[in-house]
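This report introduces a protein model to a reader who has not met it before. Please keep the sequence and the structure in view while reading.

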Amino acid sequence: MDFRAIARLLALAVLGWCFGEVCSDGEESSEFTFLLQAGKSDCFFQRAIQNGRMEVEYQVIGGAGMDVDFTIISPEGTLLIAESRRSDGLHMVETTVEGDYQVCFDNSFSHFSEKLVFFELYVEGQGGDVDGDEELGGVEESDENMLQYKLQDMREYMDSMHKRLERGRQMQTVLRAFEARDRNLLEDNLWRVSFWSCASVLVMLGVAFTQVYTVRKLFDDKRRVCT
């Protein structure tokens, strides 16, 4: 292969990388951590396209009880998913309709304790790959079949790598949320154990002093002895 063919292959690889980025525009991932006040509810809206897929994962990482009420409402107002008093959950809407989905967290059952909630939204559409295929089809009209196959293989490989890296990043975010929840629970339990341990020590000391005082009073002889 001469220098001109190599240069053309590199140019096509760059175009393939750009088209791969266009394909990834059909996927959107976002995560958010917020403080849910006691006796209140918060709702978030996520835009989805027709015949897409939406995945929602949430965890309560702080607060007494570690539980909230969770609901997903479709753009038509239909209640798709409803959970009560859960600490975590993973839900998928396989075939979405075009519009804004409503994701709500409710803490109205708790009048005193606020909750720290982490959730992640992953939206995947089916329309992001059309433009890239059309433009790539124009490029693939070249006479060099080998370059076409190389470009297609590189594009598929980069697209697969991008999806796996994105999924790995999401899993790391979820694991960090699990770690934060376990740490908050551990600190809360440590405070309770320390408090009740100190209370038990004080009670034991009080009982010991009371027993010593009672025994001394029993053997205290107040009669006068004449000499």
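## Strands, disulfide and aromatic pairs

In strand 7, Gln102 is the bridge partner of Phe45. The model that shows this contact is a predicted one. The contact belongs to a wider pairing, in which strand 2 (residues 41-48) and strand 7 run antiparallel and share eight bridges. Strand 7 also pairs with strand 4 in the antiparallel sense, over five bridges. Within strand 7, Val103 is the residue that stands opposite Ile72.

In general, the strands of a sheet are paired by hydrogen bonds of the backbone, in either a parallel or an antiparallel manner.

A further group of strands can be described next. Four strands make up an open sheet with the order 1-8-3-6, and their pairing is antiparallel. Strand 1 (27-36) and strand 6 (88-93) are the edge strands, each of them pairing on one side only. On average, and with direction ignored, neighbouring strands of this sheet are turned by 10° against each other. Strand 3 (residues 53-62) and strand 6 run antiparallel and are joined by six bridges. Opposite Glu57 stands Leu90, in strand 6.

Strand 7 appears again in the account of the disulfide. How many disulfides does a search of the whole structure find? The search finds one. This disulfide is formed by Cys43 and Cys104, with 2.1 Å between their sulfur atoms. Cys43 lies in strand 2 and Cys104 in strand 7, so that the pair links distant parts of the chain, 61 residues apart. The angle about the S-S bond is 110°, and the link of Cys43 and Cys104 is right-handed. Cys104 has a relative accessible area of 9% and is therefore buried, being under 20%. Cys43, at 35% relative accessibility, counts as partly exposed. Another cysteine, Cys198, also counts as partly exposed, at 49% relative accessibility.

The aromatic residues form the last topic. The structure holds 14 aromatic pairs, and two of these pairs are set out below.

| Pair | Distance between ring centres | Angle between planes | Class |
|---|---|---|---|
| Phe70 and Phe105 | 5.3 Å | 50° | tilted |
| Trp191 and Phe195 | 5.6 Å | 10° | stacked |

Why is the pair of Phe70 and Phe105 tilted? The planes of the two rings stand at 50°, and this class covers angles that are neither under 30 degrees nor over 60. Phe70 belongs to strand 4 (residues 68-73) and Phe105 to strand 7 (residues 99-106); with their positions 35 residues apart, the pair links distant parts of the chain. Phe70 is buried, its relative accessible area being 0%. Phe105 likewise counts as buried, at 0% relative accessibility. Phe70 and Phe105 also belong to one aromatic cluster, whose members include Phe32, Phe34, Phe44, Tyr58 and Phe119.

The rings of Trp191 and Phe195 have their planes at 10°, so this pair is stacked, the angle being under 30 degrees. Both residues lie in helix 3 (residues 145-218), where four residues, about one turn of the helix, separate their positions. Are these two residues buried or exposed? Trp191 counts as exposed because its relative accessibility is 57%, which is over 50%. Phe195, at 43% relative accessibility, counts as partly exposed.

Definitions and conventions
Residues are numbered from 1 along each chain as its sequence is written. This is a predicted model: local features need pLDDT of at least 70, side-chain atom pairs count only at pLDDT 80 or more; totals for chains, interfaces and linings use all residues. Side-chain values use heavy atoms; hydrogens and water are left out. Rings of Phe, Tyr and Trp (its six-membered ring) pair if their centres lie within 6.5 Å; planes under 30 degrees apart count as stacked, over 60 as edge-to-face and the rest as tilted. Helices (H or I, at least four residues) and strands (E, at least two) are DSSP runs, numbered from the N terminus. Buried means under 20% relative accessible area, exposed over 50%, partly exposed in between (1.4 Å probe, protein chains only). Two strands pair if DSSP finds at least two bridges between them. Axes are lines fitted to C-alpha atoms, for helices over the stretch in contact, and angles run from 0 to 180 degrees between N-to-C directions. A disulfide is a pair of cysteine sulfur atoms within 2.5 Å.
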